[in-house]
Amino acid sequence: MPYAEPLSRKEIEDRLAELPGWELSDDGTALRRTYHLEHIPAAILAMHIAGIQAELNHHSDLTLGYNTLAVSITTHAAGSQLTAKDFGLAARIAAAAAAHRAE
Ligand SMILES: C[C@H](O)[C@H](O)[C@H]1CNC2=NC(N)=NC(=O)C2=N1
């Protein structure tokens, strides 16, 4: 059984509409958002995300800046295309970011 099935363009657009502030990469194969943190170190949010990823067994690429955390999500096992797993992870990350007042 495949790791996860790629979503159609329509499914991607519908699901993206439920994730305010997130966007598609230029080639449409990844979900992206850069969070800005004023209240806690960005690394704290990164560690929170690492816990979520361990729980879901699905992982983003995180780029840690001084007060930013850039998130990029795709499903490698689906040939670097977007799947429901990516949107599930993004929704959990969005909730964690909101809890840390990241914008
Ligand atoms: C064996 C294990 O389930 C796989 O390596 C998982 C782990 N996390 C993953 N995360 C992401 N983003 N894509 C994958 O294909 C993937 N594969």
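Trainee: Where does Arg 101 lie?
Mentor: This is a predicted model, in which local features need pLDDT of at least 70 and side-chain atom pairs count only at pLDDT 80 or more, while totals for chains, interfaces and linings use all residues. Residues are numbered from 1 along each chain as its sequence is written. With helices (H or I, at least four residues) and strands (E, at least two) taken as DSSP runs numbered from the N terminus, Arg 101 lies in the segment after α3.

Trainee: Is Arg 101 buried or exposed?
Mentor: The phi of Arg 101 is near 55°, a positive value in a residue other than glycine. A residue is buried if 20 or more other C-beta atoms, placed from the backbone, lie within 10 Å of its own, exposed if 12 or fewer, and partly exposed in between. Because Arg 101 has 11 C-beta neighbours inside 10 Å, it counts as exposed.

Trainee: What is the phi of Asn 57?
Mentor: Asn 57 is placed in the loop between α2 and β3, and it counts as exposed because it has 9 C-beta neighbours inside 10 Å. Most residues other than glycine have a negative phi. Asn 57 is not a glycine, yet its phi is positive, about 50°.

Trainee: How many residues of the shell around the ligand are polar?
Mentor: Asn 57 is one of the residues around the ligand, as are Tyr 3, His 58, His 59, Thr 75, His 76 and Ala 77 (C-beta atom, placed from the backbone, within 6 Å of the ligand). None of the shell is charged and two of its residues are nonpolar. The polar residues number five.

Trainee: Which residue in β4 does Thr 63 stand opposite?
Mentor: Strands β3 (residues 61–64) and β4 (residues 68–73) run antiparallel and are joined by four bridges; pairing needs at least two. The two strands form a hairpin with three residues between them. Opposite Thr 63 in β4 stands Ala 70.

Trainee: Which element gives the most to the largest nonpolar core?
Mentor: That core, a set of buried nonpolar residues joined through C-beta atoms within 7 Å, has 19 residues, and Ile 73 and Ile 93 are among those with the most contacts inside it. At least two residues each come from β2 (31–36), α2 (42–56), β4 and α3 (84–99). Five residues come from the element that gives the most, α3.

Trainee: How far apart in space are Ile 49 and Ala 97, C-alpha to C-alpha?
Mentor: Ile 49 lies in helix α2 and is buried because 21 other C-beta atoms lie within 10 Å. Leaving out residues up to four places away in sequence, Ile 49 touches Ser 60, Leu 62, Ile 93 and Ala 96 (contact means C-beta atoms, placed from the backbone, within 7 Å). Ile 49 and Ala 97 are 48 residues apart in sequence, and their C-alpha distance is 8.8 Å.

Technical notes: Ala, Val, Leu, Ile, Met, Phe, Trp, Tyr, Cys and Pro count as nonpolar, Asp, Glu, Lys and Arg as charged, and the others, Gly among them, as polar. Two residues are in contact if their C-beta atoms, placed from the backbone, lie within 7 Å.
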